[in-house]
Amino acid sequence: MSESASSFEDDVLGELGDDKLQEIAGLLGTDTAGAQEVVGTTVSALAGPVQEEAAAAPEGEAPLQGVSTLGGFATGGLMAGVLAKVSKPVANVVAKKTGIPVATVTRVIEMLVPVVLTVLTKRAARKK
C-alpha cells in the first residue's frame, strides 16, 4: 500500500472512532482488530476509484472544492456520487478478498461513506 493510501486509511480510522469501529466489529462478528482490517481493505478499494475520478476531472476544475462540492447524497455531491457508484463493485472485491458476505460488506461501506466524505472534506480544506 502506498504511503498516501496508508495515510488515508489512518485518517478514516481516526475519524471513525472507537464507537463506530466497535459497531462495525459487531456487524462483522469480530473484534476491533478484525474490523480495522476490513475497514482498511475497504478504504483501499474505495481510494482507487475516488482518485481516478479526481484525476479525470477537467483541467481547472478541482473536484474537491470544499464541503459544498462533496455534499451528501441528498445534495448531489460529486464525491458522494462517486462513492455511491463504486460501492457495489468495491463490496464485491472486499467480499472476495475477505470471505465476508457481500451484504455485510455493503453495510460496512454504507457506514464508511460519511466518514470517507468527512476525511476528503478535511483534506480539501487543508490544501487551500
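This report looks at one residue of helix α1, F8, and then at salt bridges in the structure. The model is a predicted one.

## Meet F8

Let's start with F8, which belongs to helix α1, the stretch covering residues 3–28. Is F8 buried or exposed? Its relative accessible area is 7%, and because anything under 20% counts as buried, F8 is buried.

Which residues does F8 touch, if we set aside its neighbours within four places in sequence? The contacts are V43, A47, V116, V119, L120 and R123. Take L120 from that list: F8 and L120 are 112 residues apart along the chain, yet their C-alpha atoms are separated by 8.9 Å. Keep R123 in mind too, as this contact of F8 also takes part in a salt bridge.

## Salt bridges between two helices

Side chains of opposite charge can pair when their charged atoms come close. How many salt bridges does a search of the whole structure find? The search gives 4, and three of them are described here, beginning with R123 and D11.

The side chains of R123 and D11 meet at 2.9 Å, N to O. This pair links distant parts of the chain, with R123 in helix α5 (residues 102–126) and D11 in helix α1, 112 residues apart. R123 has a relative accessibility of 22%, so it counts as partly exposed. D11, at 27%, counts as partly exposed as well.

A further salt bridge joins the side chains of E15 and K122, at 2.7 Å from N to O. Why does this pair tie together parts that are 107 residues apart in sequence? It does so because E15 lies in helix α1 while K122 lies in helix α5. E15 is partly exposed, with a relative accessible area of 33%, and K122 is partly exposed at 43%.

## A salt bridge within helix α1

Now follow helix α1 to K20 and E23. Their side chains also meet in a salt bridge, with 3.6 Å between N and O. How are these two residues placed along the helix? They are 3 residues apart in helix α1, so about one helical turn separates them.

What about their surroundings? K20 has a relative accessible area of 37%, which makes it partly exposed. E23 is partly exposed too, with a value of 39%.

## Putting it together

Along helix α1 you can now find F8, which is buried, and D11, which pairs with R123 of helix α5. You can also pick out E15, with its partner K122 in helix α5, and the pair K20 and E23 inside helix α1 itself.

Key:
Residues numbered from 1 in each chain as written. Predicted model: local features only at pLDDT ≥ 70, side-chain atom pairs only at ≥ 80, totals over all residues. Heavy atoms only, no water. Helix = DSSP H or I, 4+ residues; strand = E, 2+ residues; numbered from the N terminus. Buried < 20%, exposed > 50% of the residue type's maximum accessible area, 1.4 Å probe, protein only. Contact = heavy atoms within 4.5 Å.
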